[in-house]
Amino acid sequence: MKQSQIKTSTNNGKSHSKLSKLINAVVGIWIFTCILAAILVIVPAASPATGAQVADLLRTVVGPQPVAVLESLSFKMQDKLHEYLFVASGDKPQISLANTTSVSLVRPTSTTTPSQKSSIAQHLIIPPNIAKTATPIPSSDAVGAPPQIGWQAYGPTVNGTPLMAQAMIMLNPGKSYAGTALVRMDLSQLQLHVMAGTLEPAHPSGIGKAIPSLGVIPPENYNNLIAAFNGGFKGIHGQFGMMLNGITLLQPIDGLATVAMYQDGSVRIGAWGSDILPSPDMVAFRQNCPPLIEAGQLNPALFYDNRRAWGYSQNSDVTWRTGAGISQDGRYLIYAVSNGTTVQDLANALQMAGAYNAMQLDINEFYTHFVTYQPSTSQSSGLAAERLLSQMTDTPSLYLTPYLRDFFYLTLRQ
């Protein structure tokens with residue numbers, strides 16, 4: 001054999017070897033990706049808590065963006081699994097309200113002693129030169145007010161008057177296993193608060209001196225406590241601004257959707273820098289992603305499938321999502337949670353429920369919570385949290401014992 005032929009044969013062998021290694025590497029990466037995606041399907045289905053921990057662990061190892069790609073694939077696989085289970089179960093939806101009854105309460109009179117009031121006041125940080133008297137919101141009916149989408153009285157009532165209403169709607173005929181539960185809260189009767197978690201968002205180590213009840217609902221609110229629900233994404237995933245009791249934990253970012261609470265008890269939701277501006281009477285705010293609804297209109301960006309707008313997942317990814325909106329007159333705060341929805345469907349549900357401005361909160365099953373509180377002799381606090389959905393994690397001590405992430409809670413207005 002000629003020397004040139006030997007060299008050609010050798011080169012061909014090397015080329016085939018390199019190609020073979022490349023193919024093996026691609027196949028290996030594909031197999032590894034499929035295994036990870038399968039883990040993100042099977043583990044969350046078997047244990048939402050473990051699934052959330054696995055996803056967080058992967059984010060710390062490979063970063064949030066690669067995990068987002070895996071999660072998108074995982075969401076699609078979970079969606080197909082849920083559709084299969086829906087058919088196999090005889091077309092049984094995989095979401096259901098846990099309780100459709102109301103508990104009648106009598107508005108309590110204050111039994112707080114002057115010394116107790118002084119102690120409570122020390123825990124509150126109120127901006128200077130602000131009137132401390134609340135401006136009443138006209139009374140309204142949480143069940144009978146429009147829009148009518150099958151509202152039913154939900155949770156505690158005061159002197160026979162419903163404070164909240166709930167409804168379940170199905171928006172996507174192609175996802176018959178999924179639904180969106182809605183809760184409408186009457187802010188003429190209720191006061192919204194926000195609390196930072198023990199870890200999220202990140203905060204200075206000495207913040208506990210200014211906020212002694214970090215991660216839990218303050219015990220002085222127990223007598224008037226009505227309900228609570230989840231907050232938004234971790235600060236590390238977007239540095240979403242937050243202020244609590246006048247203390248800024250993370251600086252606000254222009255353009256992000258913000259729920260703001262004021263000294264007079266009013267609540268606003270809108271984009272920071274345009275709808276909501278810094279003001280001396282603002283006592284708290286929480287940001288999370290761009291707005292879903294602004295001035296009654298859906299955000300046009302909802303119709304473009306991009307990442308990092310409403311989380312690293314794509315807008316069209318179907319997963320558990322939560323959101324909050326407010327009516328145009330500011331009377332009703334609206335919470336939405338779905339076991340399988342896109343960002344656009346979540347916005348549509350909030351708009352249908354009467355939200356004039358709205359924002360997304362947290363996503364993924366383990367982080368979605370809405371609970372009401374009832375007296376309980378089995379809990380050291382004397383209260384127990386009752387979940388909105390049967391599929392939500394059943395944790396009677398939720399937000400009554402230290403919690404890692406931020407949340408909202410509601411009390412009777414004084």
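This tour moves from the nonpolar cores to a set of paired strands and ends at a patch on the surface, all in a predicted model.

Begin by selecting Met-164, Met-185, Ile-217, Phe-229 and Phe-370, which are the residues with the most contacts inside the largest nonpolar core, a set of 61 residues. Keep Phe-370 in view and display its surroundings: leaving aside neighbours within four places in sequence, Phe-370 is in contact with Met-164, Val-183, Met-185 and Phe-229, among others, and its partners also include Tyr-154, Tyr-335, Glu-386 and Arg-387. Apart from this largest core lies another one, of 21 residues, and to find it you can select Ile-149, Ile-169, Leu-302 and Ile-334, which are among its members.

Next, select strand S11, residues 282-287, which is mostly covered, with six of its six residues buried. Adding strand S7, residues 242-244, brings in an antiparallel partner that is joined to S11 by two bridges, and within this pairing Met-242 has Arg-286 of S11 as its bridge partner. Then add strand S9, residues 257-262, which also runs antiparallel to S11 and is joined to it by five bridges; here Val-259 stands opposite Arg-286.

Finally, turn to the surface and select Leu-81, Tyr-84 and Leu-85, which form a nonpolar patch with about 300 Å² of accessible area together. Leu-85 is found in helix H3, residues 64-88. Is Leu-85 buried or partly exposed? Leu-85 counts as partly exposed, because its relative accessibility is 39%, and the partly exposed class lies between the cut-offs of under 20% for buried and over 50% for exposed.

Note on methods
Residues numbered from 1 in each chain as written. Predicted model: local features only at pLDDT ≥ 70, side-chain atom pairs only at ≥ 80, totals over all residues. Heavy atoms only, no water. Core = buried A, V, L, I, M, F, W, Y, C linked by side-chain atoms within 4.5 Å. Buried < 20%, exposed > 50% of the residue type's maximum accessible area, 1.4 Å probe, protein only. Contact = heavy atoms within 4.5 Å. Helix = DSSP H or I, 4+ residues; strand = E, 2+ residues; numbered from the N terminus. Pairing = 2+ DSSP bridges. Patch = residues over 30% accessible without salt bridge, like charges linked within 9 Å, V, L, I, M, F, W, Y side chains within 5 Å. Areas by Shrake-Rupley, 256 points an atom, 1.4 Å probe, with all protein chains shown as cover. Salt bridge = Lys/Arg side-chain N within 4 Å of Asp/Glu carboxyl O.
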